[in-house]
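Student: I'd like a close look at the charged contacts in this one. Could you walk me through them, side chain by side chain?

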Amino acid sequence: MTRTTHTLTLGQGTLDVSVDLHGRQGHPFLLLHGGGGPQTVAPFAGLLAEQRPARVFSPVHPGFDGTARPDWLTDVTALAQVYAQLLDALDLRDVAVVGNSIGGWIAAELATLGNDRISSVTLVNAVGIHVPGHPIADTFDLTPVELSRLSFHDPSKFRFDPSALSEAQRAVMATNRATLQVYAGPHAMADPTLTERLAKVAHPTLVAWGASDQIVDADYGRAYAQAVPEAEFRLLSGTGHMPQSETPGQLLPVVWDFADGHATGRPRT
């Protein structure tokens, strides 16, 4: 894995984005992490690059893991515009975009921009829309143990001991949490306008969902798929909110087969 930093200029201002790259050749993937930070997707990125001909670009959302977030970057819509600019800066084509949780929301917003560098979009237990009767769990007031119970099919395999963290690790967690609250916005991890805008998405889209997710349940996922024209829905058994962490061996072929099946065939850079 190598990390590079890219300076991007948008209408709102300039910012630096750190990007982790796994793999040196093959189909390019843009892998977007959730609120737990880059470490929630890093092992999966490595696995994908190791087991398939893939180059996996995984940016660190500005404000996470000690990175800087400019004052103007306060919502997921703007963050999607940042990543559209990043694809231009990297000059990538035939990109498979994959996002988990709030990373899935960012991927959905990126899909609404109609970027011709993107060949497919996979939303993994994404947040971002309002589904009546299926609220997104309010995770900000939960203890790590409570959050684990909602997130995993088998929480016993993902026990977390906050007392084992160093002061530096605690500081990063606190900053990540504060950054997530900024991006989450005033509507409880959702944008009331997103469902309507998803109806115009033209990219092939897969919605993959851990059946045991108690942060956003499977019917929420089905509603996400119904909002995108011709989107596919895939229920993943025995896994929860983060299949890339809990059952990476199950998620990997789902993600790869969809991306590979919708590759454009244009020359890859």
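Student: To start with, which residue does arginine 170 form a salt bridge with, and how far apart are the closest N and O atoms?

Tutor: Keep in mind as we go that this is a predicted model. The partner of arginine 170 is glutamate 167, and the closest N and O atoms of that salt bridge are 4.0 Å apart. The two sit three residues apart in helix H5, which covers residues 167-184, so about one helical turn separates them. As for cover, glutamate 167 counts as exposed at 63% relative accessibility, because the exposed class begins over 50%. Arginine 170 has a relative accessible area of 37%, which puts it in the partly exposed class.

Helix H7 (residues 218-227) has a pair with that kind of spacing: arginine 222 and aspartate 219 are three residues apart, about one turn of the helix. Their salt bridge has its closest N and O atoms 2.8 Å apart. Both ends are partly exposed: arginine 222 comes out at 32% relative accessibility, and aspartate 219 has a relative accessible area of 39%.

Salt bridges can also share partners, and here that joins Asp88, Asp91 and Arg117 into one network. Let's look at one link of it. The side chains of arginine 117 and aspartate 88 meet in a salt bridge at 2.6 Å, N to O. Arginine 117 lies in the loop between H3 and strand S6 (118-124), while aspartate 88 belongs to helix H2 (residues 76-90), so this pair ties together parts that are 29 residues apart in sequence. What about cover here? Arginine 117 counts as buried, with a relative accessibility of 10%, because the cut-off for buried is under 20%. Aspartate 88, on the other hand, is partly exposed, with a relative accessible area of 38%.

Since that loop comes after H3, the helix itself deserves a glance. H3 runs over residues 102-112 and is mostly covered, with 10 of its 11 residues buried. Among the buried ones are Trp105, Ile106 and Leu110, along with Glu109, which carries a carboxyl group of its own, plus Gly103 and Gly104. Just after H3, glycine 114 takes a positive phi of about 70°.

And the tally for the model? By the distance rule used here, the count comes to seven salt bridges. The ones we went through include the pair in H5, the pair in H7, and the link from the loop after H3 to H2.

How values were computed:
Residues numbered from 1 in each chain as written. Predicted model: local features only at pLDDT ≥ 70, side-chain atom pairs only at ≥ 80, totals over all residues. Heavy atoms only, no water. Buried < 20%, exposed > 50% of the residue type's maximum accessible area, 1.4 Å probe, protein only. Helix = DSSP H or I, 4+ residues; strand = E, 2+ residues; numbered from the N terminus.
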